[in-house]
Amino acid sequence: MTNAIELIGITKRFPGVLANDNVNLTVEEGEIHAVCGENGAGKSTLMKILYGMQPADEGVMRLFGQELSFSSPNDAIDAGIGMVHQHFMLANQLTVLENVILGAEPTKSAGLINFDEASSHLEEVGKAYGLTVDPNDLVETLEVGERQRVEIIKVLYRGAKVLIFDEPTAVLVPQEVEELFRNMRELKANGATIIFIDHKLEEVLEIADTITVLRQGKTVATVKPQNVTATDLAELMVGSELPKPQISESSNNNTVALALEEVSVLGDDERPLVDDVSLSVNKGQIVGIAGVEGNGQHELVGAILGTQEIDSGSISLMGKDISSQSVRDRRESGLGYVPQDRQDEGLLLTAPLWENAALGHQTSRPFSNGWRQWFIDKVGSRSQTEMIREKFDVRTPNIDVSAHALSGGNQQKLIVGREMVAQPSVLVASHPTRGIDVGAQASVWQQIRDARSAGLATLLISADLDELIGLSDSIVVMFRGKIVARLNPSEINPRSLGAFMTGAALETES
Amino acid sequence: MIDRIRRLPAYARWATYATIGILILTLVQELGQNQTSHLTATSTAQTALKWSIPILLAGLGGLFAERAGIINIGLEGMMILGTWFGAWGAFNYGPYWGIVIGAIGGAIGGLIHAIATVGFGVDHIISGVAINILGPFAARFLSSEVFTGYQGGSVTQSPRVENVDKFTMPFLAGGYETPNFLKWLGDKEIPLLSDIGNILRGILTQTSWATIIALLLVPISAYVLWKTRFGLRVRISGEDPWAGESQGVNIYRYKFVAVMISGAFAGFGGAFISIEMSSIYQEGGTTGRGFIGLAALIFGNWRPGGILAAALLFGYPYALQFGDFDGFASHALLLVNAIALFGVVIWALRNDKRTDAAIAFVLGSLSAVWYFVSDTVPDWWVKILPYVIVIVVLIFFAQRLRMPAANGQIYRRGQT
Amino acid sequence: MLRRIGLALAAPTAAVLFATIASSIFLVIAGSNPITAYGDMFEYGSRLEIQVDILNRATPLYISGVAAAIGFRMNLFNIGVEGQYRLAAIVAAYVGASVSLPAFFHIALILIVAMLVGGAYAGVAGVLKVSRGVNEVISTIMLNAIAISGLIAWLVREWQAGGTVDATGANLGIGTEPIDESGLIPNINSWLELFTREIGKGKELTGVLLVAVAVGVLYHIVLNRTRFGFDLRATGINPFAARAGGVNDKRMVLGAMVLSGVVAGLVGMAEIAKLGRFNPNFVGNLGFAGIAVALLGRNHPGGIAIGALLFAFLDTASGVLQVTGSASREIVFIMQGIILLAAVIAYEVVQRYRIREEARMASTLLAGEAEE
């Protein structure tokens, strides 16, 4: 069996981060090869290099024995590699046909598109691989599973022999996952080679022929599914041992700080994004929300913060109903917020650090003063920012640089710091250590632990199992907008947690 | 019944809407307070068509740019360049070359906009505003260098130029010494049918070839954008350039070309104003029609056919002023507006949009009341009516319409 | 620090340089000598009387620039300054002529009326945007046309001055009733003459210059020192982060548009102080010129001042070209246009460079620390 893909010694650096560190990957022709790792392990970067979207800094790439290097996706496409993206690269307002043929349109004279030829070719491809789509549908009318099929046909249309799937099941429900696996087996039977990135261990074990595990940018193991269990895989992914939950004393003083009662948020199509959620967080307690992204956590956070309207239910902060209060009022009442996307939602990238430190707190001292807090207190803001920098170890030349000059980790420390020094009664922290280096991560964790001891109530949303289990006093699992489990972190293992997160547990329980 | 209309093929649908519109005009004319036939007169139709052309061309210009994802606020400036180069070209080489050179002048403006937005990533609106300022400045300067040297020229205007030849449809409108069927129909004074006849006659009589070319550009644009490879790639640049990039399309190239085409259209529109409408270049001759073209683009939901309809709608009030000696037609327009607004009320209620219905009801009532308590409308109202109509249209439709998904976003290759 | 200033000045200097070169090329093609032309202009511009003219011209330009900049800082494009200032001027002239008060109150009344009208008219566009999503570029331009072609034409007729001769016996012509002496902002020649020789040729340095300075100072204070200004700038930089940070973006949009209009209302005050009334020949194009100046000055109060002075210099000093015949005076228009475009592009390039540099510097610093 020849090797379809050989990646040898691939290294890729970004400012402040070593994304891929001497990674080796060998994929045999005609096999389904899974690449596993937790967030930030370097899987996406590796695939982007394989697909020509990024150049590698070091290393060699061989395709069917021939050494190649790609300068753009075009090269990869020509070489027979196709990428099915996690976030679909489909234009909603164009038809399936238009999306598929883009870049390789068959034409008649004068640049006119030969729609007939395109259409019949597309149908051929679809039939050959068992994928059914209507070429004339507008993409925006398609369900997620159908859109994924269009993504797949897009690469097959160009004759791809090696298909890369980037976290394909992240957005699918169980039935759609079965359909996808059926398609993958069909593709394999027709001679395609498949690489797919996934972190759902049960799925990987089900479909893959070979599994390579990445951790912190390095290859840690290549195994066969028949030789490992999900627990083994989890341990390979996150390290030699799972983090032990905090044995420290409970600092829960049984005063309810944040309470949600039957909160629901409806989407545009009247489907509930948050479905009748009730939970509470006490002072000195950390409640973790586990769940695959897209199951309503983001909308729940928005509802608590005030940027998202709720359709029913109520939210109270330290006993006071804040359901209809503005964001500013809630902040002033003691709600702190660490957003999941620091650049989009948390920072003013082109503004200096001391102004960023004031964001969200510009109506309170020491950031503003004067009659009705009308004036910005520059001196006060700066000294407060210096204090944050000191206390939270924000590495920066000074506090006048713009926020974008800081690394992700330092940006996050700044954000955590500014929220903490305002001494909130409740902190909503959404993926607080996503995409930041290990050192900053440890620092943030410590800050959260210390604040907890001092009586802070924290709602922690995260996809990082380490973080959830290590920090939370109790964990709730969200699935499809509902809370499906309330767990004790000291009694939990990743497999059962994962099962709840992916909804598999629902079936076994009932 | 409305659903049945919606299911008809496009041309039949538009014909139905047009007929309903003419019916309203006819009714208002017949049953209104003061007798007038000006609303559906041949001369009005002729002028309305002419006046809508620059708006149409500006709108089509905006279409190409925005379909490629580049907002082109600078259409007015490019149009001004078109008025200048059009007049210069027509003066020196005749009207046909004038139009071509005017288009080239506008394309130069487009080139500058493209370099700034696509090449350097400057914010689209800032670049557009800069071009709107540069356009008249450049025209001023060029006039002082060139037109002052001509007999009859000055810093603010050019000498007179020739028009493009005119075409009259044979048999229907009596062109080339054939019997004039539509005139016969119009003379019969049959309600509605004669009005339709008069309007059609206005469109088909003595119509400039430039107008005809401009109108042909509507189906041509649709064809190019939706049926050619070039058009598909332009559209992906505006809907999701990163998807296009991931499939190997050179997005920069298509944006660039699209913006230059945009400028060329605006330039054509400007040249049309100089050559066809006023027969000279005049400083300030565009009177904001570049912007009205943008409004037509929005109202037309970024589709060529819609833009044409919007351009005609916006051009009509301009045209009505001419030849309306007793002022009754402009006055009658108040009632027409009221009826249209009440139509919007019905549409809004059917779709459960209560605030829209309320606004439309209030505006419609004001218009109707004004109609009944007065006999004529003041000058200044007639002058500002086109702009008011644009605002009113946008009030109802700005949020319902959909521009290309990635329109206005700064795209840099290699970054998501 | 020095590096920062250097970078900040690099773009506009490059732009002016580029524009000068480009315009020189145009001049040469047109058969003129650029060096003589520029020389003539500089010589002319160094005369005190002409400098008074330049300051007079720069004053409304500056105010207009600040008005536009208020919007720009929030990513709002108030193209309606043109209509706002003219509407404000005619209403203020009418109101000012209908009363007679002690000077301080009379002037204050006129200014306040102008600000209210400007703010209200801009507010219309703001309401349309906030409630109905109407793009403010189009709505303000439509409102401009409505004001200029319609409202003002009508108001000029409605408020036509009664008599046919004014206080000096000169012919009145079309326009509003003249305002009494007490309502006209006096010139500040005496202040300037403290530093220089006596100003000749009957030139008067407009007192509105003080208003402009006040506007600039307030602009700086409000935007950089108040919480409202912080909220406004934050919304302009990143509306999502601003919202998460508690800013009510709808209120901000309305507030910014109204504030922009309020300042716009003052743009015509220098002319009113000079003419004492509003007539159809009221100075025009200040709205668009203000936008150019704001872009040139990058919305910074000092930068806008420099931009206003530059454009005012070009406008005024070019007058000499007609006399000396070394070039046609319209060359300044091309220069202004090219300066604007070049500056806008240069800013983008410099900004991108600065971002890269800052990031690189910060990460080198950290790498250095990590190695220790």
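Domain bounds here come from an automatic or database domain assignment. On that basis chain A is divided into domain 1 (3-238) and domain 2 (256-509), and 34 Å separate the centres of these two domains of chain A, taken over C-alpha atoms. The model is predicted: local features need pLDDT of at least 70, side-chain atom pairs count only at pLDDT 80 or more, and totals for chains, interfaces and linings use all residues. Residues are numbered from 1 along each chain as its sequence is written, with chains lettered from A and ligands numbered from 1 in the order in which they are written.

**Sheet in chain A**
- Six strands (E runs in DSSP of at least two residues, numbered from the N terminus) form an open sheet in the order β16-β19-β20-β13-β21-β22, with mixed pairing.
- Strands β16 (335-338) and β22 (482-487) of chain A are the edges, each pairing on one side only; pairing requires at least two DSSP bridges.
- Strands β13 (286-290) and β21 (474-479) of chain A run parallel and are joined by four bridges.
- Within β21(A), A:S474 is the residue opposite A:V287.

**Helix on the sheet**
- Helix α9 (297-305; a DSSP run of H or I, at least four residues) of chain A lies across β13, β16, β19 (426-430), β20 (457-461) and β21 of chain A.
- Helix α9 of chain A runs at about 150 degrees to β19(A), on a scale from 0 to 180 degrees between N-to-C directions of axes fitted to C-alpha atoms, for helices over the stretch in contact.

**Interface with chain C**
- Contact (C-beta atoms, placed from the backbone, within 7 Å) involves 36 residues of chain A and 23 residues of chain C.
- Elements giving two or more residues to this side of chain A are α10 (327-332), α11 (342-346) and β18 (375-376).

Terms used. Two residues are in contact if their C-beta atoms, placed from the backbone, lie within 7 Å.
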